[in-house]
Structures are given as C-alpha cells and as structure tokens.
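Biologist: I am new to this structure and would be grateful for a close look at a single part of it. Could you please take one helix and describe its form and its surroundings?

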Amino acid sequence: MGLYLSILMFVVTLLLGVPVGVCLGITGMVGVMALGGVPLKVIAQRIFTGLDSFPLMCIPFFILAGEIMNQAKITDRIVHFADVLVGRFRGALAHANVVASMFFGGITGAAAADVSALGTILIPAMKKDGYDAPFSAAITASSSLQGPIIPPSILAVIYGATMGESIGALFAAGIPIGILIGITDSIIVHFIAKKKNYPKKIIKVNFREFMHIFGNAIVAMVMPLIILGGILSGIFTPTEAAAVAVGYSFIAGFFILKTLKLSQLPRLFINAAVTTGVVFLLLASARLYSWVLSTYRVPDAITSGILSLTSNPYLVILLINLILLGVGCVMDPGAAIIMLAPALAPLAWQVGIHPIQFGMIMIVNLCLGLITPPVGLCLFISADIAQTSLEKVAKAVMPMFLLDLSVLFLVSYVQPFVLYVPRLLGFA
C-alpha cells in the first residue's frame with residue numbers, strides 16, 4: 001500500500017508542475033513514512049549518502065568550467081570554426097549547428113547548456129538566413145544530445161558513481177556514440193536542406209586565415225583533450241580532471257583569450273552554484289526514492305516481471321529500452337539513472353550486457369527523452385529561443401529522433417561498437 005501511495009504522490013506532484021527534485025523528495029518522504037517503524041532520520045541519512053561520493057565532486061567543477069568558457073565568448077569562436085568546416089554544404093548553418101554542438105559538448109557535458117549557449121546564437125542566425133523556426137529549433141535540440149554523451153559527460157559521472165563503474169571507460173565509450181549521433185543529425189540536415197533549398201554559406205579563407213580561426217577555436221577543443229588524456233593516462237582521476245578543467249578555463253579566459261574580467265567572477269560562481277544545487281537536489285532526492293523502491297523490493301519485481309514475459313536476450317533488451325524511453329519522457333536523466341540503474345542493471349547483466357554497455361544504453365535512452373514530449377527540456381528551451389510552439393518543434397525533431405533510434409539499436413545490440421574504444425584504451 002505504501003508503494004502505491006508513493007507512486008500516486010509522484011504522479012500528482014509531477015502533474016502539478018512541482019520541480020522534479022522536490023517531487024522526488026516528497027515522494028521519498030511519503031514512502032518512508034508509509035513503511036512504518038522506520039525512523040524519520042533515515043530520510044536525512046539517505047539524502048546525505050546520496051551525495052557522499054567523491055566522483056560526484058567533479059560535477060560542480062565541470063559546470064563551473066563550462067560557465068567560464070561560455071562567459072569567455074568561446075561559443076562564437078566554435079561557431080565560426082564550424083562555419084569554415086561545413087559552410088560549403090547546403091544547409092550550412094544547420095551543419096555548423098551540429099558540428100558546434102560536438103565541440104561544445106566536450107566542454108559542458110550537458111545538453112541544456114548546449115541548447116542555451118549555441119541556440120541563442122545559431123537559431124536567430126538560421127531564421128535570418130531563411131530556415132524555418134521549427135527546423136532551426138529542432139536541429140539545435142537534437143544536436144545538443146551530443147553534450148551528455150561525448151565526454152566529459154555528467155550523466156556518465158552519475159552512472160559511474162551510482163554503479164561503481166569506471167568513469168574513464170564510460171567517457172571512452174561515449175566518444176564514438178556521440179560522434180555517430182552528430183553524423184545522423186547531419187544526414188537528416190542534408191536531405192531536408194536539399195528538399196527545402198536551404199542556402200550554402202560562401203566563406204573564402206586562405207590558409208593563414210584558416211589557421212587563425214582554428215587557433216581561436218583550439219583553445220576550447222584542448223580542454224576535453226586534457227580531461228580525457230589525463231584520465232586515460234592515469235595522471236588524474238575524473239574529479240581531479242574536472243578541477244584541472246576549471247584551472248585551464250581560467251587560464252584560457254584571462255590570459256589566452258583575454259575576454260574574462262575579475263568583475264565577472266562572482267556571477268560565474270553564483271551561476272555554477274545554482275546549477276550545481278539543482279543537480280544535487282535531484283541526485284539526493286533520487287537516491288532517497290531509490291532506497292524506498294529497493295526497500296519495497298521493486299527491482300526484484302521488475303526483474304521477475306520481465307523474465308516471466310521472456311528470457312530471450314534480444315526481447316529483454318528491447319523491453320528495457322522501452323522502459324527507459326518511457327521514463328526519459330517524464331524524468332530528469334540523472335535522477336532516472338540513480339533510481340533505475342540498480343534495478344535494471346542486474347537484469348541486463350543476466351542476458352549478457354556488459355556493465356559499460358548498459359551504462360551507455362541508459363544514457364542514450366534518457367538523452368532521447370530530452371527531445372521528446374511531454375517534458376523534453378531541450379525542446380522547451382529551443383522552442384522558446386526560436387519563438388515558436390513546442391508542438392511544431394516536436395514534429396520537426398521527429399526525423400532526427402527516429403534516426404537516433406538507429407544509434408540506440410547499435411548501442412543495445414552491437415557490443416563491439418560500444419566497447420571498442422574502452423578496450424583499445426585498456427578499460428574493458
């Protein structure tokens with residue numbers, strides 16, 4: 001009875017528009033109180049232990065590094081470099097949007113930051129260049145999914161901390177997957193641009209000018225290389241890598257780009273603190289509710305329920321994907337990982353899914369939820385920037401979403417594709 005009451009509370013608070021972190025916290029409290037005989041101090045203990053993890057410390061550092069690089073106007077340089085790379089193709093600005101997201105994702109590790117930073121520059125530029133508003137918003141939202149997949153991925157950090165898996169291995173696995181999502185977006189852009197006769201962008205630069213543009217952009221692109229290189233070589237842990245990223249972003253902003261001022265620092269720290277607070281509230285509340293679900297033996301019920309339907313590995317993976325796609329439509333990806341990974345991972349392992357592969361299955365599925373209604377955070381942000389309706393953007397993003405499902409299919413059923421880079425680097 002207590003379980004049903006907590007689920008009902010979750011649905012009601014979610015429909016009322018209560019922030020997801022608060023919604024999960026209230027639901028977890030109701031679940032604990034409904035257990036009976038459990039002291040209420042368990043609530044505080046579970047919330048504290050939900051954040052008492054050294055790997056999670058890298059999240060505020062990555063957020064701060066992204067804030068610094070964004071304030072340093074690195075976004076403009078990335079977009080300019082992407083223009084030079086793909087400007088000769090039809091639908092140039094849309095292609096540049098995809099390429100810029102690939103580079104920018106290597107800085108922030110978050111889709112919402114990608115949409116907010118790049119969207120404010122590229123969506124108005126695309127509309128001015130003749131692209132319709134729904135398509136401009138849709139390609140911005142879809143290409144932003146590279147952010148939480150390409151390292152440094154905040155979702156990979158959360159999964160690694162939750163399940164005790166190597167964050168370096170998850171970072172390595174995310175490289176080809178994120179790039180492939182960018183390629184699928186570019187394929188869709190190619191056909192739509194050809195059909196609607198979207199313009200090319202004639203950019204004539206000589207070798208010296210190209211190297212200057214590349215030099216401006218390389219300042220940003222070096223950061224993910226430092227992070228990955230340090231982790232993969234064993235020089236520092238992911239948390240230490242995040243701190244190094246902050247140090248590098250300060251050096252880049254103040255001494256290389258010279259676009260940061262000391263007066264901007266208080267606002268940067270406040271923005272990073274607020275974003276971190278939102279993320280950590282979600283993680284702590286999700287950890288509490290995850291404990292409630294475990295106490296009610298929900299993970300065992302899910303495992304036995306799926307296995308009672310089928311023991312075929314391919315069908316089990318399909319059912320897991322359907323569950324995750326559904327959850328991704330209504331929940332924050334980080335909270336969903338904490339709640340569902342302990343329940344679904346043992347089932348996936350039983351049918352031969354490698355732990356790192358399952359981590360990427362979760363991350364890709366839940367990222368797709370960022371561009372699917374009714375929540376679809378990236379859709380909301382891009383539609384607001386484009387000043388168009390969410391319904392039109394959701395319709396325009398469907399071709400990208402459907403092709404992204406083919407990437408999910410590869411991740412789910414072609415294990416060598418996921419594990420090739422981690423094995424190459426000695427992680428798996």
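Modeller: Contact here means heavy atoms within 4.5 Å. The model is a predicted one, and the part chosen is helix H19, residues 390-413. In that sense of contact, the buried residues of H19 are covered by elements including helix H8 (133-143), H10, helix H15 (313-328), helix H17 (355-368), helix H18 (377-386) and helix H20 (415-424). The buried residues themselves are Val393, Ala394, Ala396, Val397, Met400, Phe401, Asp404, Val407, Leu408, Val411 and Ser412.

As to its form, H19 has 24 residues, which at 1.5 Å a residue should span 34 Å; the C-alpha atoms at its ends lie 33 Å apart, in agreement with that expectation. The helix nevertheless bends by about 40° at Met398, with a proline, Pro399, following within four residues.

Among the covering elements, helix H10 (residues 167-196) packs against H19 at an angle of about 150°, the two axes being 9 Å apart. The crossing of H10 past H19 is right-handed. On the H10 side, Ile177, Leu180, Ile181, Thr184, Asp185, Ile187 and Ile188 take part, and they meet Pro399, Met400, Leu403, Asp404, Val407, Leu410 and Val411 of H19. By character, the residues of this contact comprise 11 nonpolar, 1 polar and 2 charged.

Helix H17 offers a further detail through Asn365, which is found in it. Asn365 counts as buried because its relative accessibility is 0%, where buried means under 20%. Leaving aside residues up to four places away in sequence, Asn365 touches Leu408, as well as Asn321, Leu324 and Leu325. Leu408 is itself one of the buried residues of H19.

Methods. Residues are numbered from 1 along each chain as its sequence is written. This is a predicted model: local features need pLDDT of at least 70, side-chain atom pairs count only at pLDDT 80 or more; totals for chains, interfaces and linings use all residues. Side-chain values use heavy atoms; hydrogens and water are left out. Axes are lines fitted to C-alpha atoms, for helices over the stretch in contact, and angles run from 0 to 180 degrees between N-to-C directions. Helices (H or I, at least four residues) and strands (E, at least two) are DSSP runs, numbered from the N terminus. A crossing is left-handed if the near helix is turned anticlockwise from the far one by less than a right angle, and right-handed if clockwise. Ala, Val, Leu, Ile, Met, Phe, Trp, Tyr, Cys and Pro count as nonpolar, Asp, Glu, Lys and Arg as charged, and the others, Gly among them, as polar. The expected span of a helix is 1.5 Å times one less than its number of residues. The bend at a residue is the angle between axes fitted to the seven residues ending there and the seven starting there. Buried means under 20% relative accessible area, exposed over 50%, partly exposed in between (1.4 Å probe, protein chains only).
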